[in-house]
Amino acid sequence: MTIYIAREASKVWRKVTTETSVELALLREKWGLLLAGVVFQYVHGLAARGVHYLHRPGPLLQDLGFMALPELGQDKGYLSESIFASIFVSFVLWTFHPFIYHSKRFYTVLIWRRVLAFLVASQVLRIITFYSTQLPGPNYHCREGSKLATLPPPNNVFEVLLINFPRGVLFGCGDLIFSSHMIFTLVFVRTYHKYGSKRFIKLLAWFMAIVQSLLIIASRKHYSVDVVVAWYTVNLVVFFMDSKLAEMPDRTNGVPLLPLSTREKDGRLKEEKDSRLKEEFHKLLNGNHGDPTDRRQRAQMNGRHDEDINHTHSTLSDAAVNGGT
């Protein structure tokens with residue numbers, strides 16, 4: 001048992017090191033856009049912090065979702081966060097599965113470039129939207145009477161730039177239309193729907209996205225409009241950008257994106273040679289040796305040759321008959 005575990009651990013370690021070298025080579029080429037996408041996450045947080053200074057609490061707006069869904073209460077706000085955390089962690093782990101599993105459909109660096117592009121485009125639209133009109137926040141800490149509903153003017157620029165992390169992120173107000181949680185959720189779900197391989201997980205992911213939408217409204221963290229706008233905006237953004245971006249190389253066909261080393265080339269050539277030998281062996285066993293196209297051509301030529309012989313024979317017979325008469 002110990003020997004088996006050691007052997008399997010060695011295989012996994014070899015896969016991890018090989019995949020790491022490939023991904024690092026890609027990262028050296030594509031690091032610029034990845035870094036820009038990561039930095040913009042801070043810019044997005046900074047914008048959300050800035051709109052909190054503009055937020056003014058007021059009475060809750062009339063909302064069909066609030067009428068239809070019972071209020072969960074402040075003590076059950078963790079439900080929607082739990083769903084979101086499970087989606088977030090599951091997606092991140094899935095994007096790194098090429099480091100361990102033998103079957104791979106994408107490169108981790110390339111899929112995160114794509115995901116960050118979707119996130120940034122959606123977040124730019126979100127920033128423009130929630131700065132255009134500030135609505136009174138429906139969340140409990142954003143209502144009238146709460147000390148967190150408004151922020152006093154900052155004492156210095158560092159107070160704004162540091163965004164009071166993580167408290168400033170968890171207890172923000174004013175960044176409503178449209179929901180940031182739904183941006184991440186829908187981008188992750190759509191990405192897995194395209195590049196994932198398990199049909200059941202795809203259906204489960206969409207179901208969890210719907211459940212999270214309802215829990216966000218029932219927890220009074222957002223108005224229904226914030227969730228509804230997120231659903232069609234993010235889906236349209238991903239659909240449009242996905243049609244414009246170059247498609248990622250599919251790793252299931254075995255064609256590498258990066259140049260192979262000499263050792264890898266030798267191994268791949270050996271595998272191809274063995275495959276060809278097996279095909280030839282099966283053809284010999286089945287009596288199908290040779291190219292089927294050539295066989296069709298030879299059959300056609302033989303058919304024409306037989307027709308010519310029959311035509312010549314009939315001509316000679318007619319001549320003999322005529323001569324006899």
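**Figure 1. The largest nonpolar core of the predicted model.** In this predicted model, the largest nonpolar core holds 42 residues, and among these Trp112, Val187 and Phe188 touch the most other members. Two or more residues of this core come from each of the helices α1, α3 (78-95), α4 (108-132), α7 (180-195), α8 (199-218) and α9 (224-244). A second core, separate from this one, has five residues, including Ala47, Val51, Ile127 and Phe130. Seen from valine 187, and leaving aside residues up to four places away in sequence, the contacts are with Val115, Phe118, Leu119, Val234 and Val238.

**Figure 2. The protein chain as a whole.** The protein chain contains 11 helices and zero strands, so that its pattern, read along the sequence, is α-α-α-α-α-α-α-α-α-α-α. Of its 325 residues, 34% are buried, and the accessible surface amounts to about 20,600 Å², with 65% of that surface belonging to carbon and sulfur atoms. Among the contacts with a separation of 6 or more, 85% are between residues 24 or more positions apart.

**Figure 3. Phenylalanine 40 and its contacts.** Phenylalanine 40 is found in helix α1, and because its relative accessibility is 17%, it counts as buried, the cut-off for that term being under 20%. When residues up to four places away in sequence are not counted, phenylalanine 40 touches Val120, Gln123, Val124 and Ile127. One of these partners, valine 124, lies 84 residues from phenylalanine 40 in sequence, while the two C-alpha atoms are 9.4 Å apart in space.

**Figure 4. A nonpolar patch on the surface.** Leu24, Leu27, Trp31, Leu35, Val39, Tyr42, Val43, Val157, Phe158, Leu161 and Leu162 form a nonpolar patch on the surface, and together these residues have about 1,000 Å² of accessible area. Helices α1 (2-52) and α5 (157-161) each supply at least two residues of the patch, and α1 gives the most, with seven residues. Phenylalanine 158, one of the patch members, is found in helix α5 and is exposed because its relative accessible area is 57%, where the term calls for over 50%.

**Figure 5. Two backbone details in loops.** Most residues other than glycine have a negative phi, and most peptide bonds are trans. Against that background, isoleucine 177 and phenylalanine 178 are joined by a cis peptide bond, with omega at about 5 degrees, and phenylalanine 178 is found in the loop between α6 (167-170) and α7. Arginine 220, although not a glycine, has a positive phi of about 60 degrees, and this residue is found in the loop between α8 and α9. Arginine 220 counts as buried, because its relative accessibility is 5%.

**Figure 6. Segments listed as transmembrane regions in a record.** An unreviewed UniProt entry lists residues 31-51, 78-99, 111-131, 168-188, 200-217 and 223-241 under "transmembrane region". For two of these segments the model can be set beside the record. Over residues 78-99 the chain is 82% helix and 0% strand, and the C-alpha atoms at the ends are 32 Å apart. Over residues 223-241 the chain is 95% helix, again with 0% strand, and here the end C-alpha atoms are 27 Å apart.

Key. Residues are numbered from 1 along each chain as its sequence is written. This is a predicted model: local features need pLDDT of at least 70, side-chain atom pairs count only at pLDDT 80 or more; totals for chains, interfaces and linings use all residues. Side-chain values use heavy atoms; hydrogens and water are left out. Patches are made of residues with over 30% relative accessible area and no salt bridge: like charges are joined within 9 Å, nonpolar side chains (Val, Leu, Ile, Met, Phe, Trp, Tyr) within 5 Å. Accessible areas come from the Shrake-Rupley method with a 1.4 Å probe; for residues, only the protein chains shown count as cover. A salt bridge is a side-chain nitrogen of Lys or Arg within 4 Å of a carboxyl oxygen of Asp or Glu. Helices (H or I, at least four residues) and strands (E, at least two) are DSSP runs, numbered from the N terminus. Buried means under 20% relative accessible area, exposed over 50%, partly exposed in between (1.4 Å probe, protein chains only). Contact means heavy atoms within 4.5 Å. A nonpolar core is a set of buried Ala, Val, Leu, Ile, Met, Phe, Trp, Tyr and Cys residues joined through side-chain atoms within 4.5 Å. UniProt positions are given in the numbering used here, feature names are shortened, and annotations may be inferred rather than shown by experiment.
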